[in-house]
Amino acid sequence: MITALLTLPLLSGLVSFIIKSDAARRRLLLAATAGHLALTAALFAARLNPALGVPWAAAGEWFGFDELGLLFLGVTSVLFLGASVYSVRYLALEKRDPGEDADDGFIFNNAPEAVFTGCLLLFLSAMTAVTASRHLGILWAAVEATTLLSAPLIYFHRHKRSLEATWKYLLICSVGIALALMGNLFLGAAGLRTGFGLNLDALLGGALQLDKPLLKAAFLFLFVGYGTKMGLAPFHTWLPDAHSEAPAVVSALLSGALLNCAFLGILRAVQICSGAGLSDFSGGILVLFGLLSLMTAGLFILGQRDYKRMLAYSSIEHMGILALGAGLGGGAVYGALLGAVGHSLAKAGLFFTSGLILAAYRTKRISDVKGLLGRAPRTAALWLAGFFLITGTPPSGIFLGKFLILKEAVASGKYLVAGVYLLFLGIVFAGMARIFINMAFGAHAPGPDEKPFYESRGMVAPACVFFCCVLALGLYVPAWLDTLISGAQALIGRAP
Amino acid sequence: MSTLAELTIVFIILLNLALAVSGSMSVCIRLAAIQGVAAGLLPLLAGGGVMRGRAMAFAAFIILLKGAVFPWLMFRAREKTGARRDVDPLIGYPSSIMLCLGAFAASSWLGSRLPLPHSGVAFIVPASLATIFTGFLLITTRAKAITQVLGYLVIENGIYIFGLALFVEQPLMVELAILLDVFVAVFVMGIAIFHISREFDHIDTDQMDELTDWHQSEEGGNI
């Protein structure tokens with residue numbers, strides 16, 4: 001089953017490089033992502049139904065799923081299906097009307113569609129490998145592969161700004177992840193006497209015998225390395241550039257799926273640390289950088305003039321919240337994981353919607369977008385719904401996640417952390433409210449040659465479905481999801 | 001306890017200093033390649049001649065990649081972009097070499113403090129850390145995109161030596177996956193450099209400053 005999950009997108013990705021017909025390639029993209037989701041669903045059913053007796057990850061194997069990996073796999077798979085539905089329509093539109101730059105008005109070309117589709121599918125394969133790795137060396141290689149495979153996606157629109165973003169992304173993330181490799185080496189050295197290697201199960205089983213100072217060094221390097229990829233401040237500098245310049249569908253995948261995968265890398269390190277009784281050390285670092293990311297995001301959202309950059313900073317904010325939740329431990333971990341699911345769906349939906357706005361107004365400047373409700377009513381409704389969901393207005397699933405984290409912070413007596421957390425959540429809400437409301441309302445003065453904007457169903461539907469899921473998550477967490485998140489929480493949770 | 005291995009380590013440290021002062025791009029590419037080859041030879045020299053076939057084959061693979069393939073890719077990138085011959089440092093060479101020496105001193109101190117398992121080769125940990133620092137120096141203080149890729153390769157050399165110092169044996173598949181990633185990284189960065197030179201007519205990364213949050217208030221004023 002795992003082999004099929006890994007090879008299906010890999011093979012179809014390779015095939016789509018050689019397919020000549022655009023229509024066939026788009027159908028392949030849809031079929032491959034739908035097949036991936038079906039396989040994932042089968043894996044969920046098999047794993048969560050004890051009667052079937054399928055074991056969790058077998059010890060010593062390189063690939064296998066525990067609750068944590070399965071949770072992130074599910075999110076990734078759902079996002080990719082949504083993204084492929086969206087991109088089928090998007091690619092058709094791009095083909096018909098290739099590029100005039102939104103803000104500076106110059107003409108550019110797109111990368112060949114085969115490269116885009118191929119890299120998209122290979123990207124899915126690499127991300128599946130990240131969620132399935134039970135060996136930290138493989139995990140590292142897969143995370144680096146996601147960087148390399150997504151770089152051509154960011155450079156889909158071939159012009160200066162996207163190239164600048166791609167270069168920064170490639171260099172900063174590659175160097176950052178090289179530091180995670182150092183972390184792996186330290187981890188290997190920490191278990192050298194006992195001969196654990198880098199196998200996750202062996203490391204977790206004998207975590208107490210690991211050499212503590214070396215394990216701390218390993219955690220720091222892994223944290224900085226994967227933290228760069230995850231977009232935690234102050235290592236986040238590539239993130240707003242890449243998210244604002246990539247096509248909307250790629251931004252959605254970067255934000256919703258890729259950042260989670262990097263977070264998984266950090267969570268693996270946290271797992272080992274808490275097994276070795278170092279959870280105070282790892283938790284402290286996570287809380288510190290989580291709050292720092294929250295503050296950075298809050299300050300930059302306040303003065304933001306570009307709505308895609310605003311969404312990118314909101315991702316940094318949420319990554320900060322996830323790190324904070326994982327660092328606080330206890331019930332906050334549940335909140336963080338629920339928040340991760342909610343954030344992925346809501347943010348992907350928002351990026352999809354931002355693509356529609358970009359198509360309608362041909363600008364990313366917030367001040368140039370006015371009266372969205374009049375020009376594109378369905379897009380505007382989605383845009384406003386997304387705003388309420390992402391900022392955690394009840395009954396959004398993200399509210400539940402944020403609330404659980406707050407509860408844990410207060411319950412464990414960390415009032416300062418709780419205070420800063422609430423203050424910056426408030427600042428982010430205020431900053432985003434100004435932007436979203438200004439864009440949705442007001443009078444739109446149509447330009448001389450402006451055509452009415454057609455909101456394609458294929459581009460509206462994914463965001464709509466994702467938003468409904470986030471809303472449902474806040475009202476009712478299904479039993480299977482609850483089992484999964486609780487299981488994952490137990491994996492990360494602090495050792496007594 | 002091999003004298004040859006220790007001499008190689010000294011050689012690698014000297015190469016770091018040479019990288020910091022060399023002003024010619026082609027010299028820099030060659031120096032990084034020689035350093036990669038020296039790093040690839042290290043396990044053979046330290047092992048005292050008794051090597052298993054697997055390790056031999058792997059070392060040969062690394063030497064081929066770092067000594068031949070990478071420099072070839074870099075030279076190609078340099079020629080196709082028609083970049084000027086010098087590396088365009090953002091700080092002077094004296095300060096570069098002082099930083100490099102300082103990094104070596106700091107790494108020696110750090111190497112003696114780290115509770116690492118003792119490896120037979122003297123100075124291997126400081127040398128690896130100093131190599132990583134040199135890589136960062138190249139990335140941050142040289143303007144050209146090619147030199148930044150070189151810096152990335154030098155960091156990779158340093159991490160490879162560090163792995164040798166720590167005796168961390170990874171399964172062959174994992175080692176190969178890591179090498180494949182580094183190879184693809186250099187390859188993709190090479191392609192990106194072609195595009196940069198075509199779009200911008202230069203490959204000076206310090207002039208790539210369109211994407212920022214700081215200039216936007218001025219832009220906003222113009223609307």
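The expected span of a helix is 1.5 Å times one less than its number of residues. Keep that rule handy as we walk through this predicted model, and let's try it out on chain B.

Chain B has eight helices and zero strands, so to speak a plain run of α-α-α-α-α-α-α-α along the sequence. Helix H3 of chain B, residues 53-81, is a good place to apply the rule. H3(B) has 29 residues, and from its first C-alpha to its last it reaches 41 Å, close to the 42 Å expected. There is still a bend to look for in H3(B): a kink of about 30 degrees, centred on Leu65(B). Follow H3(B) along and you'll pass a set of buried residues, namely Ala59(B), Ile62(B), Lys66(B), Phe70(B), Pro71(B), Met74(B), Ala77(B), Arg78(B) and Thr81(B). Notice that Lys66(B) and Arg78(B) are in that buried set. Step just past the end of H3(B) and you meet Gly82(B), which takes a positive phi of about 60 degrees.

Zooming out to the whole of chain B, 44% of its 223 residues are buried. Now take the contacts in chain B between residues at least 6 apart in sequence: 78% of them join residues at least 24 apart.

Next, how does chain B meet chain A? The contact takes 37 residues from chain B and 34 residues from chain A. On the chain B side, the elements that give two or more residues are helix H6 (145-165), helix H7 (172-200) and helix H8 (216-222). H7(B) provides the largest share of that side, 13 residues. Sorted by class, the chain B side that touches chain A has 25 nonpolar, seven polar and five charged residues.

One residue to visit while you're thinking about both chains is Phe300(A), which lies in helix H11 of chain A, residues 279-302. Is Phe300(A) buried or exposed? Phe300(A) has 22 C-beta neighbours inside 10 Å, so it counts as buried; the cut-off for that is 20 or more. Leaving aside neighbours within four places in sequence, Phe300(A) is in contact with Tyr313(A) and with Asp213(B). Phe300(A) and Tyr313(A) are 13 residues apart in sequence, and their C-alpha atoms are 7.1 Å apart in space.

Moving along chain A brings us to helix H12, residues 307-328, where the span rule works again. The 22 residues of H12(A) should span 32 Å at 1.5 Å a residue, and its end C-alpha atoms are 31 Å apart, which agrees. H12(A) is mostly covered, with 22 of its 22 residues buried. Just after H12(A) comes Gly329(A), with a positive phi of about 75 degrees.

Glycine isn't a requirement for a positive phi here, though: Arg362(A) has one of about 55 degrees although it is not a glycine. You'll find Arg362(A) in the loop between helix H13 (331-361) and helix H14 (372-375) of chain A. Arg362(A) counts as partly exposed because it has 16 C-beta neighbours inside 10 Å.

While we're on backbone details, have a look at two cis peptide bonds in chain A. The bond from Ala233(A) to Pro234(A) is cis, with omega near 0 degrees, and Pro234(A) has its place in the loop between helix H8 (212-230) and helix H9 (238-245) of chain A. The bond from Pro394(A) to Pro395(A) is cis too, with omega near 5 degrees. Pro395(A) is in the loop between helix H15 (377-390) and H16 of chain A.

That loop leads on to H16(A) itself. The axes of H16(A), residues 397-411, and helix H18 of chain A, residues 457-475, come within 6 Å and cross at roughly 45 degrees. That angle makes H16(A) oblique to H18(A). Where they touch, Gly397(A), Ile398(A), Phe399(A) and Leu400(A) in H16(A) meet Val470(A), Leu473(A) and Gly474(A) in H18(A). By class, this contact has five nonpolar, two polar and no charged residues.

For a last stop, go back to helix H1 of chain A, residues 2-18, where you'll find Ile18(A). Why does Ile18(A) count as exposed? Ile18(A) has 9 C-beta neighbours inside 10 Å, and the cut-off for exposed is 12 or fewer. Ile18(A) and Gly118(A) are 100 residues apart in sequence, yet 9.1 Å apart in space, C-alpha to C-alpha.

Key:
Residues numbered from 1 in each chain as written. Chains lettered and ligands numbered in written order. Predicted model: local features only at pLDDT ≥ 70, side-chain atom pairs only at ≥ 80, totals over all residues. Axes fitted to C-alpha atoms, helices over the stretch in contact; angles between N-to-C directions. Helix = DSSP H or I, 4+ residues; strand = E, 2+ residues; numbered from the N terminus. Parallel < 35°, antiparallel > 145°, perpendicular 65-115°, else oblique. Contact = placed C-beta atoms within 7 Å. Nonpolar A, V, L, I, M, F, W, Y, C, P; charged D, E, K, R; others polar. Bend = angle between axes of the 7 residues up to and from the residue.
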